[in-house]
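Q: Could you take a close look at one part of this model for me, the place where two helices pack against each other? I'd like to see how that contact fits into its surroundings.

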Amino acid sequence: MTWDELKARFTANIVGTYDATFGRLSAAIQATPSAFEAKVTGFFALLAECKANLDRIQAQLPNPPRTQADAGLIARYAEMKSLYDALLAGIAQNAVQVPQVGIAPAVVIVVGAVGLSAAGVAWAVAAWEYAASLRDQTGFMAQELEARVQAGQRGTQLQPTTATPPSLQAPGRGSAGDDDKKGGAWVWLLGIGAAAAAAAFIVPKLGKG
C-alpha cells in the first residue's frame with residue numbers, strides 16, 4: 001500500500017473502524033482486559049518505531065528546500081507526522097491517570113505509566129494496522145533519504161524510485177457504533193499542539209462531549 005493509499009484510507013475509514021471496534025469489543029475489554037494487553041503493548045511499540053523513523057527522516061530533509069522535489073519531501077514528512085500525531089492522540093485522549101495506590105475502576109489496561117480506558121484500548125485495536133502501515137512507510141522513506149544523502153557524499157546520484165514497501169492493509173470501514181454506549185469517553189483530536197497546523201486529515205469528533 002502506497003503512502004497516498006494509507007492516507008486516504010485512514011481519513012475515510014478511521015471513524016467507522018473505531019466505532020465498529022468499540023461496539024464489538026467494549027464489553028470484552030472491560031470483562032477481560034488482560035486479553036488485550038499484548039495488542040496494546042504492540043501498538044505502543046509501533047508508535048515508538050514510527051517516531052524513530054520520523055526523526056531519521058527529519059534529520060535528512062533538505063534545509064532549506066531548493067527544488068520542487070525538496071518541497072515535496074518536506075510536505076510528505078509533514079503528512080506522515082500528522083498521521084502519527086493522530087494515532088497518538090487516540091491514546092492521549094483516552095488515557096486515565098494511574099493513582100499511586102491501587103487502580104481506578106475506569107483503568108482497564110496499564111502500559112508503563114499509562115492507564116487506558118476501554119475506549120483507549122479499542123483505539124489501539126482499531127488503529128493497529130494503520131500504525132503498522134505507517135511504520136513501514138516511514139521506515140522506507142528514511143532508508144531512501146539516507147541512501148540518497150550517502151550517494152551525494154560519494155558524488156553519485158540514485159535513480160528516482162516509485163517502489164513502495166510491503167505493508168499491512170489498513171482495515172476497511174466498519175458499521176457505525178452506538179455513540180450513547182461510549183458516554184463521552186472518546187474524543188477525536190487530530191494533531192497535537194503545533195502539529196495541528198500541518199494536519200492533513202480533518203475528521204469530526206467522535207462520540208459526545
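**A helix pair and its core**

A: Happy to. In this predicted model, helix 1 and helix 3 cross in a left-handed sense. Their axes come within 12 Å, and the crossing angle is roughly 40°. On the helix 1 side, the residues making the contact are W3, D4, L6, K7 and F10, while helix 3 brings R76, E79, M80, L83, A86 and L87. Sorted by class, that contact holds 7 nonpolar and 4 charged residues, with no polar ones.

L87 is a good residue to follow from here. Leaving aside residues up to four places away in sequence, L87 touches F10, F43, L47, W123, A127, Y130, A131 and L134. That list leads into the largest nonpolar core, which has 46 residues. L87 is among the residues with the most contacts inside this core, together with F43, W123 and L134. Two or more residues of the core come from each of helix 1 (3–31), helix 2, helix 3, strand 2 (109–111) and helix 4 (118–154). Helix 4 supplies the largest share, with 16 residues. As general background, nonpolar side chains tend to be buried together in soluble globular proteins.

One more detail concerns the chain just ahead of helix 3. The loop between helix 2 (37–60) and helix 3 (68–92) contains P64. The peptide bond joining N63 and P64 is cis, with omega at about 5°.

Technical notes:
Residues are numbered from 1 along each chain as its sequence is written. This is a predicted model: local features need pLDDT of at least 70, side-chain atom pairs count only at pLDDT 80 or more; totals for chains, interfaces and linings use all residues. Side-chain values use heavy atoms; hydrogens and water are left out. Helices (H or I, at least four residues) and strands (E, at least two) are DSSP runs, numbered from the N terminus. A nonpolar core is a set of buried Ala, Val, Leu, Ile, Met, Phe, Trp, Tyr and Cys residues joined through side-chain atoms within 4.5 Å. Buried means under 20% relative accessible area, exposed over 50%, partly exposed in between (1.4 Å probe, protein chains only). Contact means heavy atoms within 4.5 Å. Axes are lines fitted to C-alpha atoms, for helices over the stretch in contact, and angles run from 0 to 180 degrees between N-to-C directions. A crossing is left-handed if the near helix is turned anticlockwise from the far one by less than a right angle, and right-handed if clockwise. Ala, Val, Leu, Ile, Met, Phe, Trp, Tyr, Cys and Pro count as nonpolar, Asp, Glu, Lys and Arg as charged, and the others, Gly among them, as polar.
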